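I am opening a notebook on a structure I have not looked at before. My plan is to look up a few things one after another and to write each of them down with care.

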Amino acid sequence: VDRIPTPMGLMLAAATDEALVLLEFVDRRMLPTQVRRVRERLDAVFVPEPSAVVAEAGAALGSYFDGALRDFDLSVRPLGTPFQMEVWEALREIPYGETRSYADLARAVGRPSAGRAVGRANGMNGLAIVIPCHRVVGADGRLVGYGGGLWRKQRLLDLEREARLRNRQSD
């Protein structure tokens, strides 16, 4: 376990020797629940020390916040139910700089009437930014439901849109 500084605040990162298992803003209300869930699912003890996996995640986040990285190519191990895993995989399919509604996400996982369940699964994502739950908005396009705070969600979406715009202008 180690902390990663970002322009939007400190993030807590936890990893096995092989994969990132947790990445959350340290001020997220659900952080203690997420930490407990990871510890129980892996039967793990958290050791506060640097690791290669966390260092790689920190470097990738730096590139993301610089607008240079669009897709994370990190070894990750999300820890959830089969339904949550399906939702989280669908989140990874949302293109950089774009958004989808909870209803869109429910349709993407083949459960069009499961918008609320999709919302709960989205909220249980323990790999913030890497699994881009910030790209999900309400049916009317408004920002709703981001554990890291709506201000962060807005800034993440703005960062991605601005980076896409810069890249289009330079092409």
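Entry 1, the cavity. Before looking for empty space I fixed the term: a cavity is a set of grid points where a 1.4 Å probe fits but cannot get out, and its volume is the space filled by probe spheres set on the points. I also noted that the model I am reading is a predicted one. With that rule I found 1 cavity of 30 Å³ or more, and for the largest cavity I wrote down a volume of about 50 Å³. I then asked myself which residues line the largest cavity. The lining is made up of V21, R37, V38, P78, L79, W88, N125, G126 and L127.

Entry 2, strands 2 and 3. I turned next to strand 3, which runs over residues 20–25, and found that 6 of its 6 residues are buried, so strand 3 is largely enclosed by the rest of the structure. Strand 2, residues 11–15, pairs with strand 3 in the antiparallel sense, and I noted 5 bridges for this pairing. Between the two strands lie 4 residues, and together strand 2 and strand 3 form a hairpin. Looking up one bridge by name, I found that M11 has F25 of strand 3 as its partner.

Entry 3, helix 1. I checked the length of helix 1 (residues 31–42) against expectation: at 1.5 Å a residue its 12 residues should span 16 Å, and the C-alpha atoms at its ends are 16 Å apart, which agrees. Which residues of helix 1 are buried? I listed L31, Q34, V35, R37 and V38, and because they cover an arc of only 160° around the axis, they sit on the same side of helix 1. On the face turned away from that buried side I found the exposed residues P32 and E40. The elements that cover the buried residues of helix 1 include strand 2 and strand 3, as well as helix 3 (82–92) and helix 5 (115–123). After helix 1 comes D43, for which I noted a positive phi, near 50°.

Entry 4, R152. My last search was for R152, which I located in helix 6, residues 150–170. Is R152 buried or exposed? Its relative accessibility is 4%, so R152 counts as buried, the cut-off for buried being under 20%. Setting aside the neighbours within four places in sequence, I found R152 in contact with M8, G9, F25, D27 and Y146. I marked F25 in this list, since I had already met F25 as the bridge partner of M11.

Technical notes:
Residues are numbered from 1 along each chain as its sequence is written. This is a predicted model: local features need pLDDT of at least 70, side-chain atom pairs count only at pLDDT 80 or more; totals for chains, interfaces and linings use all residues. Side-chain values use heavy atoms; hydrogens and water are left out. Buried means under 20% relative accessible area, exposed over 50%, partly exposed in between (1.4 Å probe, protein chains only). Two strands pair if DSSP finds at least two bridges between them. The expected span of a helix is 1.5 Å times one less than its number of residues. The arc is that of the directions from the helix axis to the C-beta atoms. Contact means heavy atoms within 4.5 Å. On a 1 Å grid over the protein atoms alone, a cavity is a set of points where a 1.4 Å probe fits but cannot get out, and a pocket is an open set with protein on both sides within 12 Å along at least five of seven lines; lining residues have an atom within 4 Å of a point.
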